[in-house]
Amino acid sequence: MSKMSNVFNINDDEFKFLSEMVQDAKVEKKSNSIEFDLIGDNEQTTLLSQLKLADNLQITANFGRHRLVFPVQLKQGDFANFSMVLQSPKIFEQGDCLRSWRLLADNDICLTDKGGKILNYHVKDISASGISLLIDNEEHADFPEHLNNIYLQLPNNERLAISATQIRRIDDKTVAYMLRSSLDDTVLTSLIKYLFECHSRQFPDVYKNKKNWTII
């Protein structure tokens, strides 16, 4: 197990060790998290106590070109028993460089103003770090430098308040924006949860074949 910038990455042996301690799993649908009860001896619970002190604990799983980074929280109960909670992962694609996985949007995803009026931009794709937009028609060919007071309307009826800064013009009708780091944590969590749900539907084999994951 290595520590870099207060982030602990669990390797294959440690993941196997934790897996052997899993006794039960509870899925929290509201938060899209999975909680595992962990049962171990004194030596094992000592390691869990040390892991619990980590500022950030995460399981990073590689499968083909996909990289899934699960935030992990270890919780200790009243009787020195532990549980492990896995939150929705950030999803990346591996290629020439590592980049956030992008969901190709359909007409069910749109941008609105605060009052709910649909804006003259089409969402081409979206990730946990950015969004690409297409102009609606030639009359609205200019893209703003910044997106402020903008809402992302998702098919699950969630409206997420986002802000972003233009990073590059892809072509005459497409521009890419980076979501600002000041984005509200609840908004980012909701976006990551939605992307995770979409990714699991598009790539079910990634989640069915967990035994083929490489844990780092």
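Two residues are in contact here when heavy atoms of each lie within 4.5 Å. The model described is predicted. In its protein chain, contacts between residues at least 6 apart in sequence were considered, and 52% of these join residues at least 24 apart. The chain has 216 residues, of which 39% are buried. Its secondary structure consists of 4 helices and 17 strands.

Several of the strands are paired with one another. Strand 5, residues 56–63, and strand 6, residues 66–76, run antiparallel and are joined by 7 bridges. Within this pair, Ile59 of strand 5 has Phe70 of strand 6 as its bridge partner. The two strands form a hairpin with 2 residues between them. Gly64, in the turn of this hairpin, has a positive phi of about 60°.

Strand 12, residues 118–126, takes part in pairings with strand 10, strand 11 and strand 13. With strand 10, residues 103–104, the arrangement is antiparallel and there are 2 bridges. Here Leu104 is partnered by Asp125 of strand 12. Strand 11, residues 110–112, also runs antiparallel to strand 12, again with 2 bridges. In that pairing the bridge partner of Thr112 is Ile118. Strands 11 and 12 form a hairpin with 5 residues between them, and Gly116 in its turn has a positive phi of about 95°. The pairing of strand 12 with strand 13, residues 130–135, is antiparallel and extends over 5 bridges. Tyr121 stands opposite Ile135 of strand 13. These two strands likewise form a hairpin, with 3 residues between them.

The turn between strands 11 and 12 is also met by a residue from later in the chain. Arg159 lies in strand 15, which covers residues 159–171. The C-alpha atoms of Arg159 and Gly116 are 9.2 Å apart, although 43 residues separate the two along the chain. Leaving aside residues up to four places away in sequence, Arg159 touches Thr112, Asp113, Lys114 and Gly116, together with Tyr151, Leu152 and Gln153. Polar atoms of the Arg159 side chain lie 2.8 Å from the backbone oxygen of Asp113 and 3.5 Å from the backbone oxygen of Lys114. Arg159 has a relative accessibility of 35% and therefore counts as partly exposed, since that class lies between the 20% limit for buried residues and the 50% limit for exposed ones.

A search of the whole structure finds 1 salt bridge. This salt bridge is formed by the side chains of Glu93 and Arg99, with a distance of 3.4 Å from N to O. The two residues fall into separate accessibility classes: Glu93 is buried at 15% relative accessibility, whereas Arg99 is partly exposed at 39%.

Ser100 belongs to strand 9, which covers residues 99–100. Its relative accessible area is 14%, so Ser100 is classed as buried. The side chain of Ser100 makes a polar contact of 3.1 Å with the side chain of Ser129. When residues up to four places away in sequence are not counted, Ser100 touches Ser127 and Ser129 as well as Ile91, Phe92 and Glu93. Glu93 is thus a contact of Ser100 and a partner in the salt bridge with Arg99.

Helix 3 spans residues 185–202 and has 18 residues. From its first C-alpha to its last, helix 3 reaches 26 Å, close to the 26 Å expected at 1.5 Å a residue. An α-helix has 3.6 residues a turn, so residues three or four places apart point the same way. The buried residues of helix 3 include Val187, Ser190, Leu191, Tyr194, Leu195 and Cys198. Ile192, Lys193, Phe196 and His199 are also buried in this helix.

The structure holds 0 disulfides. Cys198, in helix 3, is nevertheless buried, with a relative accessibility of 6%. Cys110 is buried as well, at 15% relative accessibility.

Notes: Residues numbered from 1 in each chain as written. Predicted model: local features only at pLDDT ≥ 70, side-chain atom pairs only at ≥ 80, totals over all residues. Heavy atoms only, no water. Buried < 20%, exposed > 50% of the residue type's maximum accessible area, 1.4 Å probe, protein only. Polar contact = N/O pair within 3.5 Å; in protein donor to acceptor, adjacent residues only side chain to side chain. Pairing = 2+ DSSP bridges. Salt bridge = Lys/Arg side-chain N within 4 Å of Asp/Glu carboxyl O. Disulfide = S-S within 2.5 Å. Expected span 1.5 Å × (residues − 1).
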